[in-house]
Amino acid sequence: MEYSKLVDIYQSLSQTTKMLEKRAIITDFLRGIKPDEVEASILLLEGRLFPESDKRKIGIGNQLILKSISKVSGKTDTDLNDQWAKIGDLGLVAEKNISSRTQDSLTQRKLTIKQVFDNLRKLSEIHGTGSTGKKVGLISELLGASNSVDSKYLVRTCLEDLRTGSGFGILRDAVADAFDVDVKNVQKAYDLTTDLSRVALVAKTRGDAGLEKISLNVGTPIKVMLFKKVESVEEGFEVVGSPAIIDYKYDGFRLQIHRSDNEFKLFTRNLEDVTTQFPDIIEIVKKDVKSKNYIIDCEVVGYDKDTKSWKPFQEISQRIKRKYGIDDMIKEVPVMIFAFDLIGLSGKNFIDIPFKDRREKLSEIITEDSFSVSLAKEITTSSIEQSQEFYEEALRVGAEGVMMKNLEGVYKPGSRVGFGVKIKPVMETLDLVIVGGEWGTGKRANWISSFILACRTEDGFKEIGKIGTGFKEKDEMGVSFDKMTKLLKPFIIGESGRSVKIKPGVIIEVKYEEIQRSPTYGSGYALRFPRFVRLRDDKDLKDVDNLKRILKLSSAQRGRK
Ligand code: AMP
């Protein structure tokens with residue numbers, strides 16, 4: 001099938017906001033594709049080239065796209081850069097500039113869906129010297145063979161930013177409709193594979209019976225279960241029911257450990273394969289987990305090699321990316337694991353088993369060993385008082401808070417269904433000043449939609465993070481991006497591409513989850529998950545919080561031991 005047919009679908013999807021219409025459009029399209037087009041079509045409809053469980057990445061940045069558009073259209077980089085700053089969407093920049101060259105689109109629209117897909121996938125294989133040129137060459141070739149609308153979606157696909165407003169739920173429902181299978185089976189098979197393209201092919205070729213046969217595969221990551229935040233243990237009981245299992249919430253990073261005989265695989269929360277970075281964890285589980293086939297969900301926590309006290313996540317985060325000098329890293333930044341869930345054991349899928357039973361099985365296979373592996377510390381209780389004490393104890397010993405979990409809850413990959421919640425302390429807010437920002441893209445193209453924050457230091461204002469959350473799309477709902485942009489415009493002192501430099505003048509109050517060290521910002525610190533609370537036009541530049549107070553709050557974050 002021709003790529004232009006898929007582009008017509010993208011266009012129709014963008015023209016309606018009605019979910020049912022979107023679903024019908026996709027259903028109709030899927031009914032017309034052949035089995036060997038399913039993979040490409042589903043992934044391209046998802047706006048990606050590889051399923052989430054696949055570690056390959058296409059890795060194309062804005063600059064590469066700008067170069068490619070320049071090559072095909074003959075426009076200069078500066079011209080295209082200016083257009084991009086104004087329009088805020090490189091897809092639209094491609095559409096505008098490539099149209100001028102390829103008026104005679106009839107002869108151009110010959111690319112098939114498979115050709116586009118296969119060629120885009122090749123981008124992920126280009127590495128090393130001269131790779132930029134090769135990538136630009138490949139993208140330009142595709143753009144050269146496209147008309148303007150096709151090029152818009154080609155560019156957006158490269159940037160993994162399709163903007164057709166049809167998320168996973170719509171696609172999943174359309175797959176069920178098109179191939180006449182039960183949507184529950186589609187969801188279930190997706191939960192186990194994290195790959196809708198594979199699920200769709202099975203649905204098309206083998207129907208419900210085929211879907212029901214799809215099972216958990218040790219070695220293929222599944223999406224981890226997520227937890228909603230609540231403010232108190234009372235609220236926690238309301239969500240998860242009573243009694244509940246309450247765990248310490250450790251401050252490290254989530255890890256899914258897969259073992260199948262002597263094959264080990266480690267995946268982060270984002271399903272990134274980090275097996276080679278953590279041979280020490282493999283040694284730990286080899287020694288202390290009594291099974292040769294399992295999927296364990298756990299938190300990896302770093303500790304100080306001398307004092308043995310836990311380290312905050314940011315101090316071990318370097319280990320996730322580090323691909324060389326791993327032996328030194330293991331000595332320098334040792335880690336241990338706190339296991340809290342069991343997703344599969346001995347070839348059996350555990351996701352439908354009640355949490356209390358998964359947890360019991362987990363405790364049976366783990367031999368606890370200090371500074372290598374422990375079960376997350378837990379209690380089972382219905383008492384608010386006891387829960388509160390446990391929460392305070394958790395904070396006292398340096399945990400981040402607690403998790404409360406429904407005893408009977410199943411493991412629900414990728415969603416925050418209320419089988420578990422997290423509780424952690426609310427931090428005091430900060431008053432910070434805006435010193436920079438970035439023009440938005442798409443619907444937000446005329447607004448500055450992210451802002452650089454700064455605090456006071458003895459050496460003037462220094463950056464301490466970026467914020468884009470907590471602002472509204474419309475004035476009636478609160479402080480809008482439009483309002484922020486109008487307030488900031490008089491203070492703009494420089495622009496380059498989409499970045500804006502702003503003279504300190506607008507002060508806002510922000511909340512956040514944590515203060516962490518950061519080499520990225522001038523202050524040496526960054527706020528984790530900052531969120532806008534309100535404008536502080538009642539405050540003066542001298543009232544902006546200074547770094548000293550921030551450092552005090554930072555060290556009071558929790559009594560790490
Ligand atoms: P947050 O990152 O604030 O959304 O909190 C959820 C995260 O806490 C999970 O994704 C885990 O990485 C981490 N965590 C730490 N301890 C536990 C635990 N006992 N149970 C579940 N998650 C935990």
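Let's start with the shell around the ligand: by class, it has 6 nonpolar residues, 8 charged residues and no polar ones. Keep in mind as we go that this is a predicted model.

Which residues come nearest to the ligand? Of the 14 residues around the ligand, those are Arg254, Glu299, Lys405, Lys422 and Lys424. If you have the structure open, those five are a friendly place to begin looking.

Now for some individual contacts. Lys424 is a good one to find: an N or O atom in the Lys424 side chain is 2.7 Å from an oxygen atom of the ligand. Two other contacts involve nitrogen on the ligand side. For Asp247, a polar side-chain atom lies 3.1 Å from a nitrogen atom of the ligand. For Tyr250, the partner is a polar backbone atom, and the distance to a ligand nitrogen atom is 3.0 Å.

How much of the ligand does the protein cover? On its own, the ligand has 500 Å² of accessible area, and the protein covers 92% of that. The space that the ligand takes is the largest pocket.

Let's turn to the elements that build this shell. Strand 2 and strand 10 are the elements that give two or more residues to the shell. Strand 2 gives the most, with 3 residues.

So how do these strands sit together? Strand 2, residues 244–249, and strand 10, residues 401–406, run antiparallel, and 6 bridges join them. As a landmark within the pair, look for Ile246, which stands opposite Met404 in strand 10.

Zooming out, there is an open sheet of 5 strands with mixed pairing, in the order 1-11-10-2-9. Which strands are at its edges? They are strand 1, at 228–229, and strand 9, at 378–381, and each of them pairs on one side only.

Before I finish, a few backbone details. Most residues other than glycine have a negative phi, and most peptide bonds are trans. With that in mind, here are three places to visit.

The first stop is Pro243, in the loop between helix 14, residues 233–240, and strand 2. The peptide bond that joins Ser242 and Pro243 is cis, with omega at about -5°.

Next comes Asp261, in the loop between strand 3 (253–260) and strand 4 (263–268). Asp261 is not a glycine, yet its phi is positive, near 55°.

Last is Leu271, in the loop between strand 4 and helix 15, which covers 279–288. Leu271 also has a positive phi, about 65°, although it is not a glycine.

To leave you with one picture: strand 2 gives 3 residues to the shell around the ligand, and strand 2 is joined by 6 bridges to strand 10. Thanks for listening!

How values were computed
Residues are numbered from 1 along each chain as its sequence is written. This is a predicted model: local features need pLDDT of at least 70, side-chain atom pairs count only at pLDDT 80 or more; totals for chains, interfaces and linings use all residues. Side-chain values use heavy atoms; hydrogens and water are left out. Two strands pair if DSSP finds at least two bridges between them. Helices (H or I, at least four residues) and strands (E, at least two) are DSSP runs, numbered from the N terminus. A residue is near a molecule or strand if one of its heavy atoms lies within 4 Å of it. A polar contact is a pair of N or O atoms within 3.5 Å; within protein, one must be able to donate a hydrogen and the other to accept it, and residues adjacent in sequence count only if both atoms are side-chain atoms. Accessible areas come from the Shrake-Rupley method with a 1.4 Å probe; for residues, only the protein chains shown count as cover. On a 1 Å grid over the protein atoms alone, a cavity is a set of points where a 1.4 Å probe fits but cannot get out, and a pocket is an open set with protein on both sides within 12 Å along at least five of seven lines; lining residues have an atom within 4 Å of a point. A molecule sits in a cavity or pocket if more than half of its atoms lie within 2 Å of its grid points. Ala, Val, Leu, Ile, Met, Phe, Trp, Tyr, Cys and Pro count as nonpolar, Asp, Glu, Lys and Arg as charged, and the others, Gly among them, as polar.
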